[in-house]
Amino acid sequence: MKKIEAIIKPFKLDEVREALSELGISGLTVTEVKGFGRQKGHTELYRGAEYVVDFLPKAKVEVVLADDMVDSAIEAIVKAANTGKIGDGKIFVSPIEHVVRIRTGEINDEAL
């Protein structure tokens, strides 16, 4: 099992969710986060005062799935989240050792 964490632009969230849903991936967690990479930040003008926006709004999508679905899920996320501009995001893949469904006590693959 693997955990995919994708940091994407917030307006691409629905497209990413739909792309994963088409693969049969039904469970995911979404968190509103802020951050920056090469994009750094930018300056904005508000009521005549200029200020720096250091951290940009992003969406973090987390999904745990079987090893054989990782490549197709990554491909779907990249295709759905890509705008071709700086700040499109990153995808991280981590191994998952153990999963337990709290309601039923199912473990590992059965718990997904």
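Which strands does helix 2 lie across, and at about what angle does helix 2 run to strand 1? In this predicted model, helix 2 (residues 70-81) lies across strand 1 (2-8), strand 5 and strand 6. Its direction is at about 5° to that of strand 1.

The sheet beneath this question is a good place to continue. Four strands form an open sheet in the order 2-5-1-6, and their pairing is antiparallel. Strand 2 (29-35) and strand 6 (89-95) are the edge strands, each pairing on one side only. From one strand to the next, the twist averages 20°. Seven bridges join strand 2 to strand 5 (residues 56-65), again in the antiparallel sense. Within the sheet, V30 has V61 of strand 5 standing opposite.

Attention can now turn to the helices. Two packed helices are described by the angle between their axes and the distance between the axes. For helix 1 and helix 2, the packing angle is about 150° and the axes are 8 Å apart. Because angles over 145 degrees count as roughly antiparallel, helix 1 is roughly antiparallel to helix 2. The crossing of helix 1 past helix 2 is right-handed. On the helix 1 side, the residues that take part are E15, V16, A19 and L20, which meet A73, A76, I77, A80 and A81 of helix 2.

The nonpolar interior brings helices and strands together. The largest nonpolar core has 17 residues, and those touching the most other members are I4, I8, V16, L20 and L65. Strand 1, helix 1 (13-22), strand 5 and helix 2 are the elements that give two or more residues to this core. Helix 2 supplies the largest share, with six residues. V16 and L20, named among these well-connected members, also belong to the set of helix 1 residues that meet helix 2. The surroundings of I8 can be followed residue by residue: leaving aside neighbours within four places in sequence, I8 is in contact with L13, V16, K58, A59, V61, A81 and D88. One of these partners, V61, is the strand 5 residue that V30 stands opposite.

A final detail of the backbone is found in the segment after strand 6, where N108 is placed. Most residues other than glycine have a negative phi. N108, although not a glycine, has a positive phi of about 50°. Is this residue buried, partly exposed or exposed? N108 counts as partly exposed, because its relative accessibility is 23%.

Note on methods: Residues numbered from 1 in each chain as written. Predicted model: local features only at pLDDT ≥ 70, side-chain atom pairs only at ≥ 80, totals over all residues. Heavy atoms only, no water. Pairing = 2+ DSSP bridges. Axes fitted to C-alpha atoms, helices over the stretch in contact; angles between N-to-C directions. Contact = heavy atoms within 4.5 Å. Core = buried A, V, L, I, M, F, W, Y, C linked by side-chain atoms within 4.5 Å. Buried < 20%, exposed > 50% of the residue type's maximum accessible area, 1.4 Å probe, protein only. Parallel < 35°, antiparallel > 145°, perpendicular 65-115°, else oblique. Left-handed = near helix turned anticlockwise from the far one by under 90°.
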